[in-house]
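Thanks, everyone, for making time this morning. I would like to walk through one structure with you, starting with the ligand site and then moving to a single residue in a loop.

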Amino acid sequence: MNKSDARVIIVGAGHAGGTAAALLRQFGYEKPITLIGEEPLAPYQRPPLSKAWLKGETDAEALMLKPESFYAEADVALRTGMRVASLTPSQKTLTLQGGETLAYDTLILATGARPRPLMIPGADLAGVLVLRSAADAEALKASLGPGRRLAVIGGGYIGLEASASARALGAEAVVIEREPRILARVANEILSSFFTDYHRARGVEFVLGASVAAFDGEGGKVTGVRLASGEIIPCDAALVGIGAIPNMELAQAAGLACADGVIVDEAARTSDPAIHAIGDVTWRHLAHYGRPFRLESVANALEQARQAACAITGRPPPPAEVTWNWSDQYDLKYQFAGLPFDVDEVVLRGEPASGKFAIFHLAGDRIQAVEAVNAPAEFMAGRQLIAKRAAVSRTRLADMTISMKEVAA
Ligand code: FAD
């Protein structure tokens, strides 16, 4: 069969799956496309769920990846509220939870990730929440407001964004973190202390180096978080934000090669040549860093959707991108690019106290990653320098009197 004659089924109608469907049409793919998602909604954007949407600054319509009319216009059969239960790669079929079987020529797995559960007593109490879906966000929003107290388990980006949004809605927020500092897994110490101070100044409390032992409740509803020390942190709701795990069970059961995600190549192809995987569910090789990794970001979902769509329509592969991400908290725009692998030195540009600074992570004289707070020029230039693998001078990088354009020259 000619490549362009194949039927595509996309499993997972999220950011990656929705983008792949749109790109296939944009690249001239004319055969049937079916997009199957277990959520009741058409593909939507998750980042605002902890930011603008949670604070009430944007409405549900603005979350949608594409306007409602897009799917009919683009002739994409969108089947929401449907869970794919199993794959049979040897027959190129999949089975929906209700028993219906569908045949594909090319399959794209875009099943994303889910919140890592906290397996402790009381985790099933009402008011113990996670934040991944629009439905989760609705439940969180309903529990925030003046006189309410939110306990956030995990000082990662989503937890911090939710804390900032809780404060904006007049609720109290307390962040409980196992490590001695917040953002320990993902950010430099300078950033951890900067964000801690910034949140504290806006009324967020922090309990650091604390292990959570249980949720206490009354009448089936959470009333507090019990620490291993015995201390109880009272709350009206608790948000568990301790990371995400890939939804790769379908792939595993179908015999596809998996690590901490479905293993894919630069064309987002899995160990089965008829199956691609894209987005948060993948374990991909990062050419720039010479190692595999699982990325959880919109940029990654878009890049891999493009890789798969190019491969399926016979286009040349798109150029590799430097990974990037962002976080909005209060009036802070934090952006980072690259990954801090093999770093032997960190260069600070600007003063954290000014609320505008950047941290460059260097391996030798090359930038591996940049973290920028309210410093878009540093972020943009840093990202370009990473992509070019350009040699930089530490002293010039740290010198605010030298513009990033000149540093990059
Ligand atoms: P998802 O968007 O999770 O979509 C996967 C879909 O597949 C889901 O709808 C799921 O229900 C469905 N599915 C799973 N299994 C099945 C099945 N068996 N059958 C049918 N459907 C199935 N990234 C950034 O870059 N910047 C940010 O600021 C940012 N903020 C975020 C804030 C929040 C609150 C969250 C939750 C995420 C944030 N992210 C952010 C991450 C970003 O949203 C994800 O990287 C992105 O959504 C990944 O897209 P995806 O399509 O791989 O997965």
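**The ligand and its shell**

The shell around the ligand is made up of 13 nonpolar, eleven polar and eight charged residues, and I should say at once that we are looking at a predicted model. Of the 32 residues around the ligand, those that come nearest are Glu 39, Lys 51, Arg 132, Asp 280 and Asn 325.

Let me take some of the polar pairs in turn. For Glu 39, a polar side-chain atom lies 2.6 Å from an oxygen atom of the ligand. With Val 84 it is a polar backbone atom that takes part, at 2.9 Å from a nitrogen atom of the ligand, while a polar backbone atom of Ser 297 is 3.0 Å from an oxygen atom of the ligand. Taken on its own, the ligand has 1000 Å² of accessible area, and the protein covers 95% of that. Two or more residues of the shell come from each of helix H1 (15-26), helix H8 (298-312) and strand S23 (324-329). In terms of domains, both domain 1 (3-114 + 245-313) and domain 2 (128-242) supply at least three residues to the shell.

Now to the loop. Where does Leu 118 lie? Leu 118 sits in the loop between strand S8 (113-115) and strand S9 (128-129). Leaving aside residues up to four places away in sequence, Leu 118 touches Ala 123, Ile 153, Val 212, Phe 215, Val 240 and Ile 242. Although Leu 118 and Gly 241 are 123 residues apart along the chain, their C-alpha atoms are separated by 9.1 Å.

Note on methods. Residues are numbered from 1 along each chain as its sequence is written. This is a predicted model: local features need pLDDT of at least 70, side-chain atom pairs count only at pLDDT 80 or more; totals for chains, interfaces and linings use all residues. Side-chain values use heavy atoms; hydrogens and water are left out. Helices (H or I, at least four residues) and strands (E, at least two) are DSSP runs, numbered from the N terminus. Contact means heavy atoms within 4.5 Å. A residue is near a molecule or strand if one of its heavy atoms lies within 4 Å of it. A polar contact is a pair of N or O atoms within 3.5 Å; within protein, one must be able to donate a hydrogen and the other to accept it, and residues adjacent in sequence count only if both atoms are side-chain atoms. Accessible areas come from the Shrake-Rupley method with a 1.4 Å probe; for residues, only the protein chains shown count as cover. Ala, Val, Leu, Ile, Met, Phe, Trp, Tyr, Cys and Pro count as nonpolar, Asp, Glu, Lys and Arg as charged, and the others, Gly among them, as polar. Domain bounds come from an automatic or database domain assignment.
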